[in-house]
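Work through the exercises below with the sequence and the model at hand, and try each task before reading its solution.

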Amino acid sequence: MTKVKKAFNTEEVQATIKQLIRQTLREALEAELEEFLGYKKYKRSDTENYRNGYSSKTIKTSSGSLEIKVPRDRKSEFEPQIIKKCQTMLDELEH
């Protein structure tokens with residue numbers, strides 16, 4: 001068998017980094033909302049507040065602009081901590 005080496009160009013590396021950042025932020029935001037609401041996704045709850053979709057947000061990273069989806073709650077009381085409302089740059093997390 002012959003091993004094939006694949007050379008990565010700069011765009012591929014940056015795209016991979018952006019995807020990893022997006023995935024990490026999505027999981028962290030979902031965990032924050034889960035903690036806030038007090039129950040896991042897809043579980044029934046007796047509370048009046050529950051998940052209510054997502055809103056899109058563009059943030060700037062060292063790898064370029066990145067669009068993410070921020071989970072929302074029905075009462076709009078959820079305040080994400082990893083990426084705060086009105087925050088547009090990801091400086092603190094990258095350093």
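**Exercise 1.** Describe the largest pocket and its lining.

Solution. The largest pocket holds about 190 Å³ of space, and of the 14 residues that line this pocket, S55, V70, P71, P80 and K85 are the closest to its centre. Two strands, β1 (51-61) and β2 (64-73), each supply at least two residues of the lining, and β2 gives the most, with four residues. Sorted by class, the lining has six nonpolar, three polar and five charged residues.

The model is a predicted one, in which local features need pLDDT of at least 70 and side-chain atom pairs count only at pLDDT 80 or more, whereas totals for chains, interfaces and linings use all residues. Residues are numbered from 1 along each chain as its sequence is written, and side-chain values use heavy atoms, with hydrogens and water left out.

**Exercise 2.** Decide whether E30 is buried or exposed, and find what surrounds this residue.

Solution. First locate E30 in helix α1 (residues 10-37). E30 has a relative accessible area of 15%, and it counts as buried because that term means under 20%, with exposed over 50% and partly exposed in between (1.4 Å probe, protein chains only). Next, leaving out residues up to four places away in sequence, E30 touches K41, R51, Y54 and P71, where contact means heavy atoms within 4.5 Å.

**Exercise 3.** Place N9 and state how accessible this residue is.

Solution. N9 is found in the segment before α1, and with a relative accessible area of 36% N9 is partly exposed. Finally, the side chain of N9 reaches the backbone nitrogen of E11 at 3.2 Å.

Conventions
1 Å grid on protein atoms, 1.4 Å probe; cavity = no way out; pocket = protein on both sides within 12 Å on 5 of 7 lines; lining within 4 Å. Points joined across faces, edges and corners; volume = space filled by probe spheres on them. Nonpolar A, V, L, I, M, F, W, Y, C, P; charged D, E, K, R; others polar. Polar contact = N/O pair within 3.5 Å; in protein donor to acceptor, adjacent residues only side chain to side chain.
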